[in-house]
Each structure stands twice: as C-alpha cells, then as structure tokens.
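Here is a short report on one protein chain. Keep the sequence and the 3D view side by side as you read.

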Amino acid sequence: MSSVMTASEVHKQYNEVVTAFRRLIPDPALRVAFSRQADGYIRQYALGVWQADSASSISPRHVEFYNAIYSAGSPAPSALYWEVASGVANFDLFQPPAFFEDLRRYDRRSGTSLARRFADQLTLLLLLFAAVDGVVSESEAGFVNACNDVLLELCDKDGLRSDRPAVRADQFIAPRPGPSAAPAAPKGEVPTKQEETKAIKEPEPTLEELLSQLDELCGLDRVKKDVKSLINLVKVRKLREEAQLPVPPMSLHLVFMGNPGTGKTTVARLLAKIYHAVGVLSQGQLVEVDRSGLVAGFVGQTALKTQEAVQKAIGGVLFIDEAYALVNADNANDFGHEAIEVILKNMEDHRKDLIVIVAGYTDRMEQFIHANPGLESRFNKYFFFEDYDGKQLMEIFRSMCKKNGYTLSEEGEQFMEKDLQELYDSRDENFGNARDVRNLFEQAVARQADRVSQLEAPTKEQLMELRPEDLKDEDAEKECPL
C-alpha cells in the first residue's frame with residue numbers, strides 16, 4: 001500500500017472525518033454553523049501547514065489536495081496553482097474558527113467535550129495535508145501542534161477538562177533523509193535517574209490492598225463478583241501449572257459493556273494492577289486510548305500509530321474506550337479495520353504479557369465483537385456495568401464533597417437526594433452516571449464560590465458548606481419553565 005494518498009482518497013477521508021464530527025453535535029444551530037464554516041477554515045489551515053514546510057515547494061499535488069477539501073453538501077473548490085501558491089505565501093497567523101467558541105459554550109452548558117474532540121480531529125486532518133509529499137516534517141508537526149495548543153488553551157481557560165491526552169503531531173514526524181535526520185528525543189519524555197529511582201522504590205500495592213480498593217467503589221456488585229471470580233480462576237491455573245497439570249487455553253482479554261460514567265476505566269486500572277499482582281503481567285500499567293489514539297488521518301500511518309499505543313501497553317493493559325468506533329459498517333476500507341488487525345496480531349505476539357480490554361455501550365459492543373472473527377475468538381469474557389441508581393449517585397456526590405473538603409447542609413442534602421433520584425428516573429441515552437454527578441458537583445462549587453465571595457469574613461464552615469441555592473441550576477430552570 002502506498003503511503004501517499006490520491007486527491008480522491010484525501011477528499012473521502014476528509015469528508016468522513018467532518019461528517020462523523022458533525023453527527024456528534026446535538027444542537028441543530030451549532031451543527032449548521034459547523035457545516036457552513038468548517039471547509040473554509042480547514043482550507044486556510046492547510047495553507048499554513050504547507051507554508052511551515054520550507055523544504056518543499058508548492059506542486060500540482062498541493063493544488064489537488066486543496067481542491068479536495070470539501071464536505072458533503074458543500075461546493076468543491078476549483079483553485080488554480082497561482083491561487084494556492086499565493087495563499088501559502090500570504091498565510092499569516094492561525095485563528096480559531098468562529099464556531100469553536102460556540103462549541104466551548106455548548107460544552108460549558110452541557111458537560112460535553114466537543115471542543116477538545118474538534119482539536120483532536122483538526123490535528124489529524126492537518127496531518128493529512130502535511131503528508132501531501134508522503135512525509136510529515138518536523139516544522140509541519142510544529143505548526144500543527146501550535147494550532148492544537150491555541151485551541152486547548154481556550155478550553156483550559158473555560159475549565160473544559162479532558163480525561164485523556166490530546167492527539168499530538170510529533171509521533172508522525174518522518175524527517176527527510178540527511179546527515180542530521182535522526183529526531184531529537186521530545187522534551188520531558190525521557191525520565192531522569194531520580195525519577196527512575198523513585199519509580200523503582202515506590203512500593204507496589206498487594207493483591208489484598210487492590211481488592212480492598214475494588215470493594216470501596218460505589219455499587220458495581222456484579223462487576224466486583226466477576227473480577228474476584230476471574231482472579232480465582234487465574235490463581236488456580238497457576239497452581240495447576242506448578243503441579244504440572246493440564247491447563248486449558250483461556251483468554252484474559254475482556255469486554256466492558258455499559259453506559260458512560262459507570263466506572264469502566266477505574267476498574268480497568270485496578271485490573272491491570274491485579275493482573276500484575278497475581279503474576280499475569282510484568283508491569284501492570286494501563287494505557288487508555290480511543291479511535292483517535294489509534295487511527296490516523298491518512299494511509300500508512302494507522303498501523304504505526306496503533307503499534308505505538310500497543311508498545312506502551314506491553315506488560316500491562318491496553319484499554320480501548322468506545323471501541324465500536326473502530327468498525328465502520330458502511331466502509332470496509334475504513335482505517336479502523338487496519339487498527340483492529342494490528343491489535344489482533346499483537347494480542348497473539350504478546351499473548352503472555354499483554355491484556356486488551358475493549359469498552360463501550362452494551363448494544364454497540366456486541367456489534368463490534370461480532371464484526372470480526374478474530375475479535376470473537378479472543379474476547380469471550382464480558383463484564384456488565386449497570387447504571388448507578390439514585391442512592392448510589394448520592395453516595396458518589398457525598399464522596400466528592402468529602403474528598404474536596406465540602407459539606408452539605410441539611411436542606412442541601414435533601415435537595416440533592418431528590419435531584420439525583422429525578423436524574424436517575426428520567427435518564428435517557430445521554431445519561432452520564434458518575435460523570436453527570438461530577439459535573440453537578442463542579443457547578444455547585446462554582447456557584448458556592450460566587451455566593452461566599454460576597455461575604456465579608458466567611459468562616460471555615462461557610463467556606464465548606466453547600467446550600468440548596470448552590471445546588472440549583474437556576475439558568476436551566478429559566479430555559480425549561482414548568
């Protein structure tokens with residue numbers, strides 16, 4: 001397979017990425033704004049990428065790539081060579097798209113992560129255009145990362161956090177041959193001797209301590225039982241091996257099925273350490289990825305990107321969240337299939353020191369497993385994560401208060417119990433379980449800060465107490481009057 005895409009392949013890949021992101025936007029007005037503006041902004045950013053690559057001059061391929069930047073329902077550009085060359089020469093500074101502010105505003109209101117997802121997708125799209133000549137240079141990757149940094153800084157200022165690292169362009173750098181082609185090690189990625197010594201000396205938790213942490217998790221009774229049964233199975237297998245008794249083949253790879261916010265990542269992290277404690281894995285680290293962490297935006301790079309993620313996970317657990325996104329039933333040539341093949345090969349090559357856990361919604365995960373015979377043969381253990389009920393949601397809220405030094409007034413306790421029960425009773429496909437509780441807690445803390453800041457000399461108790469007025473979302477009530 002050639003590592004250089006054709007213009008038609010670029011258009012197809014670009015359109016798929018834009019269309020997929022458009023479908024993630026629940027708000028109709030925001031979706032329309034994105035659809036109208038995206039192509040124009042991406043064309044400008046492609047010019048910036050090519051300007052950054054001083055080692056390469058503008059060619060007819062650049063023009064073909066530029067004219068391939070259009071999504072379904074939008075007109076295709078018909079720029080000539082001089083227009084593209086002039087645009088590259090005159091590109092000034094990266095400016096965030098106008099709709100990016102709308103994405104952040106929606107994220108703040110709804111607790112979603114559309115803005116950060118767009119930043120990831122933009123990085124992959126710009127790498128697609130950086131590879132017009134078959135390689136991604138260091139200067140091109142630097143420009144792409146700089147664009148990403150601008151967007152993420154705006155997210156950080158808005159308090160829009162993420163539970164996974166952003167996609168970075170550095171890993172795709174492919175310097176042109178030359179006497180100094182060897183890339184320097186990225187800053188901050190090589191541990192110092194002190195850090196190595198600290199990591200070595202840090203005591204590892206015992207199996208009993210890990211099981212105690214598992215028991216302390218709210219709810220998850222069924223999952224806890226399944227984990228302990230799995231541990232017993234592993235222990236007995238090792239004893240049989242030591243007694244030179246036959247041990248039937250068994251896969252320790254797992255499927256986690258359930259809605260967001262039900263503790264799948266937390267249990268996966270504990271399981272990685274438990275597998276290490278019982279001698280199944282040599283290190284016990286957890287490497288968490290999703291589609292964006294495995295699939296690249298152009299031909300030939302998905303295998304490299306997936307292999308890098310797997311290499312980090314060897315000795316531990318590779319946790320693939322929303323794994324069903326790797327299967328595109330409408331496109332047999334989707335790069336997600338390439339990622340799956342790389343993962344399956346590594347599961348075989350490193351079967352004694354790599355565990356893979358795939359996670360996602362119950363119905364979609366069943367479709368994912370049945371989409372590939374290799375997946376069906378390797379994943380035969382399923383853990384079901386049930387939604388937290390109203391009482392469990394309240395328990396989680398209390399634990400967040402305790403952990404962060406807040407208390408609930410008597411009225412606040414009553415209000416929150418009722419509110420969380422209503423949240424559970426009216427749940428739909430967007431129900432976020434513990435994530436919704438965390439969002440409610442953070443919003444309450446912000447409202448409490450506004451209230452307490454008006455007091456002349458607040459006491460310690462006042463600084464800690466959350467009252468009903470801190471817990472009520474008055475803006476939402478105004479938007480949705482009863």
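At roughly what angle do the axes of helix H6 and helix H7 cross? The axes of H6 (residues 114-130) and H7 (residues 138-157) cross at roughly 170° and come within 10 Å. Axes here are lines fitted to C-alpha atoms, for helices over the stretch in contact, and angles run from 0 to 180 degrees between N-to-C directions.

## About the model

This is a predicted model, in which local features need pLDDT of at least 70, side-chain atom pairs count only at pLDDT 80 or more, and totals for chains, interfaces and linings use all residues. Residues are numbered from 1 along each chain as its sequence is written, and side-chain values use heavy atoms, with hydrogens and water left out.

## The chain as a whole

The chain has 21 helices and seven strands. Helices (H or I, at least four residues) and strands (E, at least two) are DSSP runs, numbered from the N terminus. Of its 482 residues, 44% count as buried. Buried means under 20% relative accessible area, exposed over 50%, and partly exposed in between (1.4 Å probe, protein chains only).

The accessible surface comes to about 25,500 Å². Carbon and sulfur atoms hold 51% of that surface. Accessible areas come from the Shrake-Rupley method with a 1.4 Å probe; for residues, only the protein chains shown count as cover. Now take the contacts between residues at least 6 apart in sequence: 75% join residues at least 24 apart. Contact means heavy atoms within 4.5 Å.

## Helices H6 and H7

Two packed helices are described by the angle between their axes and the distance between the axes. H6 and H7 are roughly antiparallel to each other. Angles under 35 degrees count as roughly parallel, over 145 as roughly antiparallel, 65 to 115 as roughly perpendicular and the rest as oblique.

Residues of H6 in this contact include Phe118, Leu122 and Leu126. Those of H7 include Val144, Leu151 and Leu152. By class, the contact of H6 with H7 has eleven nonpolar, two polar and four charged residues. Ala, Val, Leu, Ile, Met, Phe, Trp, Tyr, Cys and Pro count as nonpolar, Asp, Glu, Lys and Arg as charged, and the others, Gly among them, as polar.

## The five-stranded sheet

Five strands form an open sheet, in the order E2-E3-E4-E1-E5, with parallel pairing. Two strands pair if DSSP finds at least two bridges between them. E2 and E5 stand at the edges with a single partner strand each, so one side of each has no neighbour in the sheet. Neighbouring strands are turned by 20° against each other on average, direction ignored.

Follow the pairs. E2 and E3 run parallel, joined by four bridges, and Leu286 stands opposite Val317 in E3. E1 and E4 (residues 355-360) also pair in the parallel sense, over four bridges. There, Val255 faces Val358 in E4 as its opposite residue. Five bridges join E1 (residues 254-258) to E5, where Leu254 stands opposite Lys381.

## Faces and covering helices

In a regular strand the side chains alternate between the two faces of the sheet. Which side chains of E5 are buried? Lys381, Phe383 and Phe385 point to one face and are buried. Tyr382 and Phe384 point to the other and are not buried. In E2 both faces are covered: Leu286 and Glu288 on one side, Val287 and Val289 on the other, are all buried.

Helix H10 (residues 221-242) lies across E1 and E5, at about 155° to E5. Helix H11 (residues 264-277) lies across E1, E2, E3, E4 and E5, at about 160° to E1.

## Residues to find

Ala296 sits in the loop between strand E2 (286-289) and helix H12 (302-313). Ala296 is buried, at 3% relative accessible area. Leaving out residues up to four places away in sequence, Ala296 touches seven residues, among them Gln13, Phe172 and Phe335. Ala296 and Thr123 are 173 residues apart along the chain, yet their C-alpha atoms are separated by 9.8 Å.

Two loop residues other than glycine have a positive phi: near 60° for Leu220 and near 55° for Asn433. Leu220 lies between helix H9 (207-216) and H10, and is buried at 11% relative accessibility. Asn433 lies between helix H17 (410-425) and helix H18 (434-452), and is buried at 0%.
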